[in-house]
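Reader: I have a structure open and I'd like to learn how to read it. Could you walk me through a few features?

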Amino acid sequence: MSESEEHGSLLDKINDKINEKIHEYKHSSSSSSSSDSDDDKKPKKSKKKKLFGRKHPLHHVLGGGKAADLVLWRNKQASGSILVGVTVIWLLFEGIGYHLLTFLCHALIVFLTIWFIWSNAASFVNRSPPKFPEVILSEVQCIKVAHVARKEINEAFYTLRNVASGKDLKTYLMTITVLWFISIIGSCFSFLTLSYTIFLMAYTLPMLYEKYEDQVDIVGEKALIEIKKQYKVIDAKFISKIPMLSEKKQH
(Lines give C-alpha, C1' and ligand atoms only; values in the text may rest on other atoms or scores of the structure.)
Protein backbone atom coordinates (compact mmCIF):
# COMPACT_ATOMS: atom_id res chain seq x y z
CA MET A 1 0.00 0.00 0.00
CA SER A 2 1.32 3.44 -0.97
CA GLU A 3 1.90 6.31 1.38
CA SER A 4 -0.91 8.35 -0.23
CA GLU A 5 -3.45 5.56 0.40
CA GLU A 6 -2.34 5.18 4.00
CA HIS A 7 -2.63 8.95 4.50
CA GLY A 8 -6.14 8.94 2.98
CA SER A 9 -7.35 6.08 5.18
CA LEU A 10 -6.00 7.86 8.26
CA LEU A 11 -7.91 11.01 7.35
CA ASP A 12 -11.09 8.99 6.86
CA LYS A 13 -10.74 7.49 10.35
CA ILE A 14 -10.21 10.93 11.87
CA ASN A 15 -13.31 12.27 10.08
CA ASP A 16 -15.38 9.32 11.26
CA LYS A 17 -14.28 9.95 14.86
CA ILE A 18 -15.12 13.65 14.60
CA ASN A 19 -18.58 12.90 13.16
CA GLU A 20 -19.23 10.37 15.90
CA LYS A 21 -18.29 12.89 18.63
CA ILE A 22 -20.51 15.57 17.05
CA HIS A 23 -23.43 13.13 16.94
CA GLU A 24 -22.96 12.19 20.61
CA TYR A 25 -22.81 15.87 21.63
CA LYS A 26 -26.02 16.70 19.77
CA HIS A 27 -27.78 13.73 21.35
CA SER A 28 -26.68 14.69 24.89
CA SER A 29 -27.61 18.36 24.42
CA SER A 30 -31.06 17.47 23.10
CA SER A 31 -31.71 15.09 26.02
CA SER A 32 -30.58 17.69 28.58
CA SER A 33 -32.77 20.37 27.02
CA SER A 34 -35.77 18.03 27.08
CA SER A 35 -35.13 17.23 30.75
CA ASP A 36 -34.87 20.95 31.53
CA SER A 37 -38.16 21.58 29.79
CA ASP A 38 -39.75 18.75 31.78
CA ASP A 39 -38.42 20.27 34.99
CA ASP A 40 -39.87 23.64 34.01
CA LYS A 41 -43.25 22.05 33.41
CA LYS A 42 -43.27 20.48 36.88
CA PRO A 43 -45.02 22.68 39.46
CA LYS A 44 -42.63 24.15 41.98
CA LYS A 45 -43.55 23.63 45.58
CA SER A 46 -43.80 26.93 47.41
CA LYS A 47 -42.59 27.06 50.98
CA LYS A 48 -45.46 27.33 53.39
CA LYS A 49 -45.34 30.27 55.74
CA LYS A 50 -45.35 29.38 59.40
CA LEU A 51 -47.34 31.25 62.01
CA PHE A 52 -45.50 34.35 63.34
CA GLY A 53 -42.67 33.70 60.86
CA ARG A 54 -41.48 30.59 62.71
CA LYS A 55 -38.49 28.92 61.02
CA HIS A 56 -37.83 26.00 63.39
CA PRO A 57 -40.04 23.05 64.37
CA LEU A 58 -42.36 23.55 67.33
CA HIS A 59 -40.42 21.06 69.46
CA HIS A 60 -37.25 23.14 68.94
CA VAL A 61 -39.10 26.39 69.76
CA LEU A 62 -40.31 24.93 73.07
CA GLY A 63 -36.76 24.05 74.11
CA GLY A 64 -36.42 20.56 72.70
CA GLY A 65 -36.08 18.88 76.10
CA LYS A 66 -38.27 16.79 78.38
CA ALA A 67 -40.58 19.73 79.02
CA ALA A 68 -41.24 20.03 75.28
CA ASP A 69 -41.94 16.29 75.12
CA LEU A 70 -44.51 16.64 77.90
CA VAL A 71 -46.24 19.67 76.37
CA LEU A 72 -46.38 18.03 72.92
CA TRP A 73 -47.61 14.76 74.46
CA ARG A 74 -44.78 12.62 73.07
CA ASN A 75 -45.21 10.44 76.17
CA LYS A 76 -48.98 10.29 76.50
CA GLN A 77 -48.93 8.41 79.80
CA ALA A 78 -46.69 10.96 81.56
CA SER A 79 -48.50 13.97 80.06
CA GLY A 80 -51.89 12.50 80.90
CA SER A 81 -50.84 11.79 84.48
CA ILE A 82 -49.75 15.40 84.98
CA LEU A 83 -53.02 16.69 83.53
CA VAL A 84 -55.07 14.38 85.76
CA GLY A 85 -53.05 15.39 88.83
CA VAL A 86 -53.47 19.11 88.21
CA THR A 87 -57.18 18.62 87.50
CA VAL A 88 -57.67 16.71 90.78
CA ILE A 89 -55.90 19.49 92.71
CA TRP A 90 -58.07 22.11 91.01
CA LEU A 91 -61.23 20.15 91.89
CA LEU A 92 -60.08 19.84 95.51
CA PHE A 93 -59.61 23.59 95.87
CA GLU A 94 -62.41 24.87 93.66
CA GLY A 95 -65.08 22.18 93.95
CA ILE A 96 -64.69 20.90 97.51
CA GLY A 97 -63.37 24.18 98.92
CA TYR A 98 -60.06 22.80 100.18
CA HIS A 99 -57.62 25.44 101.42
CA LEU A 100 -54.02 25.57 100.27
CA LEU A 101 -52.44 25.51 103.73
CA THR A 102 -54.69 22.64 104.84
CA PHE A 103 -53.87 20.70 101.68
CA LEU A 104 -50.12 21.12 102.15
CA CYS A 105 -50.29 20.03 105.79
CA HIS A 106 -52.43 16.98 105.04
CA ALA A 107 -50.17 15.98 102.11
CA LEU A 108 -47.08 16.22 104.34
CA ILE A 109 -48.81 14.22 107.10
CA VAL A 110 -49.65 11.38 104.69
CA PHE A 111 -46.19 11.46 103.08
CA LEU A 112 -44.24 11.47 106.36
CA THR A 113 -46.48 8.80 107.92
CA ILE A 114 -45.96 6.42 104.98
CA TRP A 115 -42.17 6.89 105.06
CA PHE A 116 -42.06 6.53 108.87
CA ILE A 117 -44.03 3.27 108.88
CA TRP A 118 -42.07 1.92 105.91
CA SER A 119 -38.72 2.71 107.55
CA ASN A 120 -39.67 0.97 110.81
CA ALA A 121 -41.41 -2.01 109.20
CA ALA A 122 -38.43 -2.72 106.94
CA SER A 123 -36.39 -4.08 109.87
CA PHE A 124 -39.10 -6.63 110.77
CA VAL A 125 -39.29 -8.08 107.26
CA ASN A 126 -35.50 -8.11 106.79
CA ARG A 127 -35.49 -5.45 104.10
CA SER A 128 -33.43 -2.32 103.77
CA PRO A 129 -35.23 0.87 104.74
CA PRO A 130 -36.17 3.27 101.96
CA LYS A 131 -33.65 5.92 101.06
CA PHE A 132 -35.03 9.40 101.40
CA PRO A 133 -33.98 11.46 98.34
CA GLU A 134 -31.49 14.19 99.13
CA VAL A 135 -32.55 17.50 97.62
CA ILE A 136 -29.78 20.08 97.78
CA LEU A 137 -29.95 23.37 95.94
CA SER A 138 -26.51 24.38 94.71
CA GLU A 139 -25.28 27.93 95.00
CA VAL A 140 -24.79 28.14 91.22
CA GLN A 141 -28.42 27.22 90.52
CA CYS A 142 -29.70 29.76 93.03
CA ILE A 143 -27.51 32.48 91.50
CA LYS A 144 -28.78 31.64 87.99
CA VAL A 145 -32.41 31.82 89.14
CA ALA A 146 -31.72 35.10 90.93
CA HIS A 147 -30.09 36.58 87.81
CA VAL A 148 -33.01 35.58 85.60
CA ALA A 149 -35.55 36.93 88.09
CA ARG A 150 -33.57 40.18 88.44
CA LYS A 151 -33.46 40.65 84.65
CA GLU A 152 -37.21 40.05 84.21
CA ILE A 153 -38.14 42.35 87.11
CA ASN A 154 -35.91 45.14 85.76
CA GLU A 155 -37.46 44.81 82.30
CA ALA A 156 -40.94 44.96 83.84
CA PHE A 157 -40.07 48.13 85.76
CA TYR A 158 -38.48 49.64 82.65
CA THR A 159 -41.64 48.96 80.63
CA LEU A 160 -43.88 50.45 83.34
CA ARG A 161 -41.66 53.54 83.52
CA ASN A 162 -41.86 54.05 79.75
CA VAL A 163 -45.64 53.67 79.78
CA ALA A 164 -46.10 56.10 82.67
CA SER A 165 -43.64 58.68 81.32
CA GLY A 166 -46.14 59.96 78.75
CA LYS A 167 -43.69 59.76 75.85
CA ASP A 168 -45.53 57.06 73.89
CA LEU A 169 -49.30 57.46 73.87
CA LYS A 170 -49.85 54.44 71.63
CA THR A 171 -48.05 52.10 74.06
CA TYR A 172 -49.99 53.64 76.95
CA LEU A 173 -53.35 53.03 75.26
CA MET A 174 -52.42 49.45 74.35
CA THR A 175 -51.28 48.73 77.92
CA ILE A 176 -54.46 50.18 79.43
CA THR A 177 -56.59 48.15 77.00
CA VAL A 178 -54.81 44.90 77.85
CA LEU A 179 -55.05 45.54 81.60
CA TRP A 180 -58.73 46.40 81.29
CA PHE A 181 -59.37 43.19 79.32
CA ILE A 182 -57.50 41.12 81.94
CA SER A 183 -59.51 42.76 84.72
CA ILE A 184 -62.77 41.75 83.01
CA ILE A 185 -61.58 38.14 82.72
CA GLY A 186 -60.43 38.19 86.36
CA SER A 187 -63.86 39.34 87.53
CA CYS A 188 -65.52 36.36 85.82
CA PHE A 189 -63.27 33.65 87.28
CA SER A 190 -61.41 33.04 90.49
CA PHE A 191 -57.63 33.21 90.47
CA LEU A 192 -57.36 29.43 90.83
CA THR A 193 -59.76 28.74 87.95
CA LEU A 194 -57.99 31.31 85.78
CA SER A 195 -54.62 29.72 86.56
CA TYR A 196 -55.98 26.26 85.76
CA THR A 197 -57.46 27.53 82.48
CA ILE A 198 -54.12 29.07 81.47
CA PHE A 199 -52.34 25.83 82.35
CA LEU A 200 -54.88 23.79 80.37
CA MET A 201 -54.44 25.99 77.30
CA ALA A 202 -50.64 25.99 77.53
CA TYR A 203 -50.63 22.21 78.04
CA THR A 204 -52.98 21.22 75.20
CA LEU A 205 -52.87 23.94 72.51
CA PRO A 206 -49.26 23.23 71.38
CA MET A 207 -50.13 19.56 70.88
CA LEU A 208 -53.26 20.43 68.89
CA TYR A 209 -51.33 23.01 66.86
CA GLU A 210 -48.64 20.47 65.96
CA LYS A 211 -51.36 18.02 64.88
CA TYR A 212 -53.23 20.53 62.68
CA GLU A 213 -50.29 22.80 61.86
CA ASP A 214 -51.02 23.39 58.17
CA GLN A 215 -54.67 24.34 58.70
CA VAL A 216 -53.87 26.61 61.66
CA ASP A 217 -51.10 28.38 59.73
CA ILE A 218 -53.48 29.18 56.86
CA VAL A 219 -56.20 30.50 59.18
CA GLY A 220 -53.67 32.39 61.32
CA GLU A 221 -52.13 34.11 58.29
CA LYS A 222 -55.56 35.26 57.11
CA ALA A 223 -56.40 36.48 60.63
CA LEU A 224 -53.13 38.48 60.89
CA ILE A 225 -53.78 40.11 57.52
CA GLU A 226 -57.29 41.09 58.63
CA ILE A 227 -56.01 42.44 61.96
CA LYS A 228 -53.45 44.60 60.13
CA LYS A 229 -56.20 45.97 57.86
CA GLN A 230 -58.42 46.83 60.82
CA TYR A 231 -55.51 48.45 62.64
CA LYS A 232 -54.79 50.65 59.60
CA VAL A 233 -58.43 51.73 59.57
CA ILE A 234 -58.39 52.56 63.29
CA ASP A 235 -55.05 54.34 62.90
CA ALA A 236 -56.37 56.47 60.05
CA LYS A 237 -59.65 57.34 61.80
CA PHE A 238 -58.59 57.81 65.43
CA ILE A 239 -54.95 57.31 66.39
CA SER A 240 -53.45 59.53 63.67
CA LYS A 241 -55.78 62.38 64.72
CA ILE A 242 -54.39 62.47 68.26
CA PRO A 243 -52.16 65.59 68.46
CA MET A 244 -49.22 63.94 70.25
CA LEU A 245 -48.97 61.11 67.74
CA SER A 246 -49.44 63.31 64.68
CA GLU A 247 -46.59 65.59 65.82
CA LYS A 248 -44.28 62.56 66.25
CA LYS A 249 -45.10 61.31 62.75
CA GLN A 250 -44.31 64.73 61.26
CA HIS A 251 -40.90 64.76 62.99
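Reader: Let's start with two helices that touch. Which residues in helix 4 meet helix 8?

Author: One thing to keep in mind is that this is a predicted model. To read a helix contact, list who touches whom on each side. From helix 4 come Ala 78, Ser 79, Ile 82, Leu 83, Val 86, Thr 87, Trp 90, Phe 93 and Glu 94. Facing them in helix 8 are Leu 192, Thr 193, Tyr 196, Phe 199, Leu 200 and Tyr 203. Sorted by class, this contact has 11 nonpolar, 3 polar and 1 charged residues.

Reader: And at what angle do helix 4 and helix 8 pack?

Author: Helix 4 spans residues 76-95 and helix 8 spans residues 191-211; they pack at about 170 degrees, with axes 10 Å apart. An angle over 145 degrees counts as roughly antiparallel, so that is how helix 4 runs relative to helix 8. You can also look at the handedness: helix 4 passes helix 8 in a left-handed crossing.

Reader: Next up, salt bridges. How many does the structure hold?

Author: Start with the general idea: side chains of opposite charge can pair when their charged atoms come close. Here you'll find 1 salt bridge. Arg 74 pairs with Glu 210, and their closest N and O atoms are 2.7 Å apart.

Reader: Which parts does that pair tie together?

Author: Arg 74 sits in the loop between helix 3 (66-71) and helix 4, while Glu 210 belongs to helix 8, so the pair links parts 136 residues apart in sequence. Arg 74 is partly exposed, at 46% relative accessibility. Glu 210 is partly exposed too, at 28%.

Reader: What about the phi of Trp 73?

Author: Phi is a backbone angle, so check its sign and the residue type. Trp 73 has phi near 60 degrees, a positive value in a residue other than glycine. You'll find Trp 73 in the loop between helix 3 and helix 4. Is it buried or exposed? Its relative accessible area is 18%, and under 20% counts as buried, so Trp 73 is buried.

Reader: Last one: how far apart are Leu 62 and Pro 206, in sequence and in space?

Author: Compare the two separations. Leu 62 and Pro 206 are 144 residues apart in sequence and 9.3 Å apart in space, C-alpha to C-alpha. Leu 62 lies in the loop between helix 2 (58-61) and helix 3, and is partly exposed at 35% relative accessible area. Leaving out residues up to four places away in sequence, Leu 62 touches Ala 68, Val 71, Leu 72 and Pro 206.

Methods
Residues numbered from 1 in each chain as written. Predicted model: local features only at pLDDT ≥ 70, side-chain atom pairs only at ≥ 80, totals over all residues. Heavy atoms only, no water. Axes fitted to C-alpha atoms, helices over the stretch in contact; angles between N-to-C directions. Helix = DSSP H or I, 4+ residues; strand = E, 2+ residues; numbered from the N terminus. Parallel < 35°, antiparallel > 145°, perpendicular 65-115°, else oblique. Left-handed = near helix turned anticlockwise from the far one by under 90°. Contact = heavy atoms within 4.5 Å. Nonpolar A, V, L, I, M, F, W, Y, C, P; charged D, E, K, R; others polar. Salt bridge = Lys/Arg side-chain N within 4 Å of Asp/Glu carboxyl O. Buried < 20%, exposed > 50% of the residue type's maximum accessible area, 1.4 Å probe, protein only.
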